[in-house]
Amino acid sequence: MLWALTALLAFQLAGEALVAWLQLPAPGPVVGMALLFIALIIRGGAPKALAETSRGLLSHLSLMFVPAGVGVTLHLTVLADSGAVIGVALFVSTLAAIAVTGLAMTWAMRLSKRKGSQE
Amino acid sequence: MSDFTEIWVYLSSSPLLHLTLTLIAYQIGDWAYKRSGGLAVLNPVLLAVAMLVAVLLITDTDYGTFFEGAKFVHFLLGPATVALAIPLYNQLEQVKRSLPALLSSLALGSATGALSAIGIAWALGAGPTVVASIAPKSVTVAIAMGVSAEIGGLPSLTAMLVLLTGITGAMFGPALLHLLCVRDSRAKGLALGAASHGIGTARAVQIDETAGAFSGIAMGLNGLLTAAMLPLIWRWLF
């Protein structure tokens with residue numbers, strides 16, 4: 001567990017360092033994820049301890065957004081001014097993006113499957 | 001009574017109080033959500049945030065004091081993001097097989113999310129700063145804040161809108177996808193990650209590992225796509 005957590009932090013650190021060094025537009029942890037992904041391909045799988053720790057961490061991923069979420073208190077006045085417009089725009093566009101992505105993926109996979117079975 | 005006030009003043013000056021409150025609030029939220037059989041309005045993140053905002057307002061605590069304690073939870077977001085590489089690796093074969101479908105659907109969904117947000121906010125009369133702050137709302141918070149600053153938005157307002165977008169997607173996304181007869185875990189995960197980044201991914205992880213992996217990919221790729229394309233599109237539009 002301690003070893004696995006250290007490994008995750010080390011990959012995050014490497015990601016942050018790479019972002020600072022190469023001035024990448026991506027956040028450090030996302031680059032760290034890419035680095036770990038490459039390491040897993042080279043190694044041919046994740047060690048058991050790392051897989052277990054990661055599963056434990058990811059099952060509480062929602063919790064980790066709570067502290068930033070409470071930051072809405074910093075913007076209560078903006079919300080009072082244009083909250084309705086913001087609310088409508090966020091709600092409609094988020095659901096539209098989910099619907100378009102989900103349907104497009106379903107159809108595209110069906111299409112490629114049909115093509116595959118014809119060959 | 002003065003004893004109680006003294007104890008409160010003492011405790012609220014240490015990070016322990018707000019760290020514990022954050023964990024308790026989330027677990028109450030999670031309990032209520034599970035108890036209701038997964039009712040969308042009882043989203044655990046939303047419940048926890050609402051409870052904590054109420055506590056902060058009632059006790060007249062500022063966000064900085066709260067964050068002194070909550071930052072320990074916030075910090076775990078980094079290693080947890082790195083950990084997404086593991087479900088991604090486990091699903092590598094599935095991802096390779098559906099790569100063309102994945103990339104084209106993601107590009108469509110990403111454009112829909114950003115352009116419809118710009119269009120609706122602009123049509124309803126929002127000012128340019130607010131529109132620019134809304135435009136990058138579908139990507140992970142660090143990228144969204146950078147893009148927002150680049151196109152003339154307010155990064156801290158964007159951070160809040162990103163969170164609200166995530167919660168909206170996690171709350172209503174699964175029901176909407178069900179309504180549209182999207183049954184495949186790959187499509188569900190991709191949609192949640194593309195529209196509502198990490199919070200959508202946290203929700204997708206609960207569906208199954210495939211959905212979690214596709215959501216993680218969608219979040220990562222949409223972040224890169226938005227960082228590269230949105231500033232160009234913005235300059236062309238305005």
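Begin with chain B, which is divided into domain 1 (2–75) and domain 2 (82–237); these bounds come from an automatic or database domain assignment. The structure is a predicted model, in which local features need pLDDT of at least 70, side-chain atom pairs count only at pLDDT 80 or more, and totals for chains, interfaces and linings use all residues. Residues are numbered from 1 along each chain as its sequence is written, while chains are lettered from A and ligands numbered from 1 in the order in which they are written.

**Stop 1: the two domains of chain B**

Colour the two domains of chain B separately. Their C-alpha centres lie 27 Å apart. Five residues of domain 1 of chain B are in contact with six residues of domain 2 of chain B, where contact requires that the C-beta atoms, placed from the backbone, lie within 7 Å. On the side of domain 1 of chain B that touches domain 2, four residues are nonpolar, one is polar and none is charged. In this classification Ala, Val, Leu, Ile, Met, Phe, Trp, Tyr, Cys and Pro count as nonpolar, Asp, Glu, Lys and Arg as charged, and the others, Gly among them, as polar.

**Stop 2: chain B as a whole**

Now display the whole of chain B as a cartoon. It comprises 13 helices and zero strands; helices (H or I, at least four residues) and strands (E, at least two) are DSSP runs, numbered from the N terminus. Its C-alpha atoms fill a box of roughly 65 × 40 × 30 Å along the principal axes. The radius of gyration of chain B is 19 Å, which agrees with the value near 18 Å for a compact globule of 238 residues. This radius is taken over C-alpha atoms, and the globule rule is 2.2 Å times the number of residues to the power 0.38.

Of the 238 residues of chain B, 53% count as buried. A residue is buried if 20 or more other C-beta atoms lie within 10 Å of its own, exposed if 12 or fewer, and partly exposed in between, with C-beta atoms placed from the backbone. Among contacts in chain B with a separation of 6 or more, 61% join residues 24 or more positions apart.

**Stop 3: the nonpolar core**

Next, select B:Ala85, B:Ala121, B:Ile134 and B:Ala135, the residues with the most contacts inside the largest nonpolar core, which has 107 residues. Such a core is a set of buried Ala, Val, Leu, Ile, Met, Phe, Trp, Tyr and Cys residues joined through C-beta atoms within 7 Å. Helix H11 (residues 155–179) of chain B gives the most to this core, with 12 residues.

Centre the view on B:Ile134. Leaving aside residues up to four places away in sequence, B:Ile134 touches A:Ile86, A:Ala89 and A:Leu90 together with B:Ala117, B:Ala121 and B:Leu161.

Move next to B:Ala126, in the loop between helix H8 (99–123) and helix H9 (128–134) of chain B. B:Ala126 is buried, because 20 other C-beta atoms lie within 10 Å. With residues up to four places away in sequence again excluded, its contacts are A:Ser82, A:Val85, B:Ala121 and B:Val131.

**Stop 4: the interface between the chains**

Show both chains and select the contact between them, which takes 62 residues from chain A and 92 residues from chain B. On the chain A side, the elements that give two or more residues are helices H1 (2–22), H2 (28–43), H3 (48–58), H4 (66–69) and H5 (76–118). Helix H5(A) supplies the largest share, 26 residues. The residues on this side of chain A divide into 47 nonpolar, 15 polar and no charged.

**Stop 5: chain A**

Hide chain B. Chain A has five helices and zero strands. Its radius of gyration is 21 Å, well over the 14 Å that the globule rule gives for 119 residues, so chain A is more spread out than a compact globule. Chain A is divided into domain 1 (1–59) and domain 2 (70–119), and the C-alpha centres of these two domains lie 28 Å apart. Of the 119 residues of chain A, 40% count as buried.

Finally, select A:Leu18 in helix H1 of chain A. A:Leu18 is partly exposed, as 17 other C-beta atoms lie within 10 Å. It touches A:Leu24 and A:Val31, not counting residues up to four places away in sequence. Measuring from C-alpha to C-alpha in the viewer should place A:Leu18 and A:Leu2 24 Å apart in space, with their positions 16 residues apart in sequence numbering.

Note on methods. Contact = placed C-beta atoms within 7 Å.
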